[in-house]
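Subject: Structure handover

Hi,

Here is the structure I promised you. Please open it alongside this email, and read my notes below as you go.

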Amino acid sequence: MLHKTKFPIFTKEECERIVNEAEDIASKIEWTKNRHGNFPTTDLPLVELPETMRFLRLALVERIYPMLKVQFGEYLPDPSKLRLADGFVVKYDAAGGQKELKPHRDGSVVSFNIALNSADDFEGGGTWFASLDDAVKINQGEIVSHSSALLHGGHGITTGKRYILVGFVILEGYDSWSMRFYNQVRNL
Ligand SMILES: [Fe+2]
């Protein structure tokens, strides 16, 4: 229910382009801080990031959905129906702003996050999972994917800045599946 790749799914240049576009747009419209109910993140949704959206549309089909099919396919009724329901770039900043995200469960079927900057840029960080009682750390361009229902949070950073691309993936046409998947893993 939790996977971490041993290789980058995005190149350094692809990651840098996403961060640059996000900071560029944020200098005009500012990072949003209230999009996700009880667990708000400092983020920019993909709809505000046209270049990233264009890139990700292809990357989802060519790289991310095929990977998720291999990882989660046996638990899903029709893995060909994987669709991104929400995607956004999150910024953690030790100098001010958001430093962590408290433990929570996402409302989708599968969630993923991709590290957009180098692990040398910050201390701490990573995705904390209750089932591991530990934070999973990844290098730039690598991806962590997990059942959305697993209790997880953004482990706090103590220095620097950390950028991630977060995606909430659902199964199109299987509206109740988030809840069924949730029930399978909620005690993990
Ligand atoms: Fe989450």
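**Strand pairing**

Start at strand β6, residues 122-124, which pairs with β11 over three bridges in the antiparallel sense. Within that pairing, Phe122 has Gly160 of β11 as its bridge partner. Keep in mind that this is a predicted model.

β11 is worth following further. Strand β5, residues 110-115, also pairs with β11. That pairing is antiparallel and has six bridges. Look for Ser111, which stands opposite Phe168 in β11. Phe168 turns up again on β3: Asp86 has Phe168 as its bridge partner in β11.

That brings us to β3 itself. β3 and β11 (residues 157-171) are joined by eleven bridges, again in the antiparallel sense. Val90 is a good landmark here. In β11, Val90 is partnered by Ile164. Asp43 also stands opposite Val90 in β3. The strands behind that contact are β2 (residues 43-45) and β3 (residues 82-93), which run antiparallel and share three bridges.

As general background, strands of a sheet pair through backbone hydrogen bonds, either parallel or antiparallel.

Is β11 enclosed or open to the outside? Of its 15 residues, eleven are buried, so β11 is largely enclosed by the rest of the structure. A residue counts as buried here if 20 or more other C-beta atoms lie within 10 Å of its own.

**The four-stranded sheet**

Next, a separate topic. Four strands form an open sheet in the order β4-β10-β7-β8, with antiparallel pairing. Which strands sit at the edges? They are β4 (101-104) and β8 (134-136), and each pairs on one side only. From one strand to the next, the twist averages 25°.

For a closer look, take β7 (residues 127-129). Three bridges connect β7 to β8, and the two run antiparallel. Trp128 is the residue to click on: its bridge partner in β8 is Ala135.

If you are checking side chains, one general point helps. In a regular strand, side chains alternate between the two faces of the sheet.

**The annotated span**

Finally, the record. UniProt lists residues 78-171 as "domain: Fe2OG dioxygenase", in an unreviewed entry. In the model, that span is 57% strand and 0% helix. The C-alpha atoms at the two ends of the span lie 8 Å apart.

Best wishes

Note on methods: Residues are numbered from 1 along each chain as its sequence is written. This is a predicted model: local features need pLDDT of at least 70, side-chain atom pairs count only at pLDDT 80 or more; totals for chains, interfaces and linings use all residues. Two strands pair if DSSP finds at least two bridges between them. A residue is buried if 20 or more other C-beta atoms lie within 10 Å of its own, exposed if 12 or fewer, and partly exposed in between; C-beta atoms are placed from the backbone. UniProt positions are given in the numbering used here, feature names are shortened, and annotations may be inferred rather than shown by experiment. Axes are lines fitted to C-alpha atoms, for helices over the stretch in contact, and angles run from 0 to 180 degrees between N-to-C directions.
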